[in-house]
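Here's a quick tour for anyone meeting this structure for the first time. Have a look at the sequence and the model, then read on.

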Amino acid sequence: VLVRDNEHVLVEYRASVDRGDVAELYREGLLYERVNKVKPRLLIVGPAIRRRALELARELSVEVRGF
């Protein structure tokens, strides 16, 4: 969790990002919002990102960074 200037960001680093990783981060974001009453920005970082993971991330508004 990164909190800066009242912006909450949940960041996950993975060696390889697949659909399950994106879905898991999304669920963690929902839990974080329910507990802390703040909607976090979701960010997943990894050098290898599968195409289906990118598609799901777009649907769920999860930001993806990688090579």
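## The nonpolar core

In this predicted model, the largest nonpolar core is built from eleven residues: L10, V17, V22, L25, Y32, L42, I44, A53, L56, A57 and V62. Helix α1, strand β4 (41–45) and helix α2 each chip in with at least two of the core's residues. As a bit of background, nonpolar side chains in soluble globular proteins tend to be buried together.

A53 is a handy member of the core to zoom in on. Once you set aside its neighbours within four places in sequence, A53 is in contact with V17, D18, R19 and V22. V17 and V22 belong to the core too.

## Two helices side by side

How do α1 and α2 sit relative to each other? Helix α1 covers residues 19–36 and helix α2 covers residues 51–60; their axes come within 8 Å and cross at roughly 20°. Angles under 35 degrees count as roughly parallel, and α1 and α2 are therefore roughly parallel to each other. Their crossing is right-handed.

So who's touching whom? On the α1 side you'll find R19, V22, A23 and Y26, and they meet R52, A53, L56, A57 and L60 of α2. Sorted by class, this contact has seven nonpolar residues, two charged ones and no polar ones. Some of these names will be familiar from the core: V22, A53, L56 and A57 are among its members.

## A partly exposed spot on α1

E24 also has its place in helix α1. Is E24 buried or exposed? Somewhere in between: its relative accessible area is 32%, and because buried means under 20% and exposed means over 50%, E24 counts as partly exposed.

For a sense of distance, take E24 and L10. They are 14 residues apart in sequence, and their C-alpha atoms are 12 Å apart in space.

## Two loop residues with positive phi

Most residues other than glycine have a negative phi. Which way does N6 go, positive or negative? Its phi is positive, near 60°, and N6 isn't a glycine. You'll find N6 in the loop between β1 (2–4) and β2 (7–13), where it counts as exposed at 76% relative accessibility.

S61 tells a similar story: this residue isn't glycine either, and its phi is a positive value near 60°. S61 lies in the loop between α2 and β6 (63–65). With a relative accessible area of 62%, S61 is exposed.

Methods. Residues are numbered from 1 along each chain as its sequence is written. This is a predicted model: local features need pLDDT of at least 70, side-chain atom pairs count only at pLDDT 80 or more; totals for chains, interfaces and linings use all residues. Side-chain values use heavy atoms; hydrogens and water are left out. Axes are lines fitted to C-alpha atoms, for helices over the stretch in contact, and angles run from 0 to 180 degrees between N-to-C directions. Helices (H or I, at least four residues) and strands (E, at least two) are DSSP runs, numbered from the N terminus. Angles under 35 degrees count as roughly parallel, over 145 as roughly antiparallel, 65 to 115 as roughly perpendicular and the rest as oblique. A crossing is left-handed if the near helix is turned anticlockwise from the far one by less than a right angle, and right-handed if clockwise. Contact means heavy atoms within 4.5 Å. Ala, Val, Leu, Ile, Met, Phe, Trp, Tyr, Cys and Pro count as nonpolar, Asp, Glu, Lys and Arg as charged, and the others, Gly among them, as polar. A nonpolar core is a set of buried Ala, Val, Leu, Ile, Met, Phe, Trp, Tyr and Cys residues joined through side-chain atoms within 4.5 Å. Buried means under 20% relative accessible area, exposed over 50%, partly exposed in between (1.4 Å probe, protein chains only).
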